[in-house]
Amino acid sequence: MIVLENLLLRVFPLASSRSSKWHWTWILCRDSGAVVGGFILVVVVIAGIVGPYLTGWDVLKVDPANRLLPPSSSHWLGTDGFGRDVLTRTLFAARISLFVGMATMVGSTVLGTVVGLVAGYFRAVDGPVMRVMDGFMAFPSILLAIAIMASLGPRTENVIVALTIVYLPRIARLVRGQVLVVRQLLYVEAARVLGADDWRIVIRHTLPNCLSPLIVQGSFTFAFAVISEASLSYLGAGVPPELPTWGGMLHEGVPVMGAAWWMSVFPGVAIAITVLSLNQLGDGLRDALDPRIQRL
Amino acid sequence: MSTQILRRLLALVPVLVVVGVVVFVLVHVAPGDPAAVMAGNEATPERVAQLRHDMGLDLPLWEQFSRWVTAVARGDLGRSYFLDQPVSESLAQRMEPTGLLTLYALVFSVLVGVPAGVVAALRRNSWVDRLTMVISLGGVSVPAFWLGILLILAFAVRLRVLPAAGYVSFAEDPLGNFRYLLMPSFSLGLQSAALLARVVRSSMLDVLQEDYVRTARAKGLRESVVMVRHALPNVMIPTLTVIGNSAGGLLGGAIVTEQVFNLPGVGRLVVESVLRRDFPVIQGAVLAIAGVYVLVNLIVDVAYVVVDPRVREGGQ
């Protein structure tokens, strides 16, 4: 929570001048859901980083003698069709999911913000840029991701590129809407009268007003990206199949579902826990940062 | 109002142009040569080159694009490289499972989500409310394809009451068709139902605090009349937004769900065609799905006008 608070203070300096350092902690803690969500997310991150070393099994080592063993004291979540430990692989897969989710969130937020600021502030480019964004949003998101993956090939970086392209237009639309409101406000006019150039107005006066919806949207983008990565890997159009991913493990589990239910259950539980924590965090951040947005 | 709709329809043209360009570029920069796939492993380079020429793949990219666009503008989506039939015919054959799956999932999410949200709001902070919110939180967070796998595990593998995968057409056997679509529709629709329940609950809570609801109660109307005549119409607007978004999202989600349940729908067709590098089918199917998607959004916008008199008057 301290880390999060410092992060918020850094990206949102307006708040620090307006209120005490503890104000943020208080707002976030008031909503117990956000605290629980943040806590579970931290647990998932730590489990992904150190977990695979603690189980005593290798992520990739094939052991045909011990294939499809049910959960037991030595293999807590059983083994898969190659005799690999499901727990170790589920923990390891958290790294890939979280990395893809985080990178997609950062990529689409940064690029979407640039596009949104440019479209919202410089009216001449607004029409063409937003028509292109509308075009990208006319695809169901998973379909666009599949099409991009088909043309780029199955690599982890390509999943990030594909999902960034999918979510970028949504962020751009959000930022553009915010800019259109802010640019009408008196203090932007005042800044212009004082001789500030366009860039200064965009960076110093417009961008800070977009930050809180962006932070809230960021956690939801993260959650969407985790689900999308899992879906792509499940379809065989995601991360290369050698790497353990939750979606890929479910894909391997389906043909042997009747013999090894654990392969079809536990990776999905991991996805659900991660997405749940991100959604809870997002809800909490929304309540804390932007009380005007209606709570869902 | 009809000029408004016409204007919105015309605004779809640039959107679909962008869609077409994006699909074409993605498909044609993809590695893999359909001619080589089609000719097989034994084929001589001359044979592959001949095939490439026959398929028009040796033309410059812009010329292939302009040919495709003019054909699409005439309503011709081209011929599949592998299925030996026009793309429009393949699409027509695969439309039923996708359409019915999306429709059932949407109906399910509305029938479950809306009443659940209303009841939760009316019994705020009761155990009904808490339970609904917990289930909906879970429902929003569980990926639809995994829910599908769990359902197969429970009802097909263990209990053996429903078929795990497969499909019969509605015309052939309506009841059997429903049995095949029951689990897919549930797994696909749960997420939308959960989202809908949360939105309906929060907007219902807002509406119940409005002055006009208090006035309606104060003048002695029965509670049921207050709800049906005064509260619910105002909840309809945010609800409609979510239903509209869901319809599009369900169409996309159907692609993944079709894989889980082995349904011969458009989504399966797209994934199969991607693997086979069947360019005309990928282009045609993606264009068709995107077209339906933007049309659904248009219908939602029109529905606002019908439901909300304020939008109607503002628009004129």
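These legends accompany three views of a predicted two-chain model.

**About the model.** Because this model is predicted, local features need pLDDT of at least 70 and side-chain atom pairs count only at pLDDT 80 or more, while totals for chains, interfaces and linings use all residues. Residues are numbered from 1 along each chain as its sequence is written, and chains are lettered from A in the order in which they are written.

**View 1. P64(A) sits in a loop of chain A.** Look for this proline between α4 (32–54) and α5 (86–121); helices here are DSSP runs of H or I, at least four residues, numbered from the N terminus. P64(A) is exposed (12 or fewer other C-beta atoms within 10 Å, placed from the backbone), as its count is 8. From P64(A) to V100(A) is 36 residues in sequence and 31 Å in space, C-alpha to C-alpha.

**View 2. Chain A meets chain B.** Here 37 residues from chain A and 39 residues from chain B take part, with contact meaning C-beta atoms, placed from the backbone, within 7 Å. On the chain A side, α6 (123–137), α7 (141–152), α10 (198–235) and α12 (261–289) each supply at least two residues. That side divides into 24 nonpolar (Ala, Val, Leu, Ile, Met, Phe, Trp, Tyr, Cys and Pro), 10 polar and 3 charged (Asp, Glu, Lys and Arg) residues, with the others, Gly among them, counted as polar.

**View 3. Chain B has 13 helices and 0 strands.** A strand would be a DSSP run of E, at least two residues. The C-alpha trace of chain B spans about 85 × 60 × 35 Å along its principal axes. Of its 316 residues, 38% count as buried, that is, with 20 or more other C-beta atoms within 10 Å.
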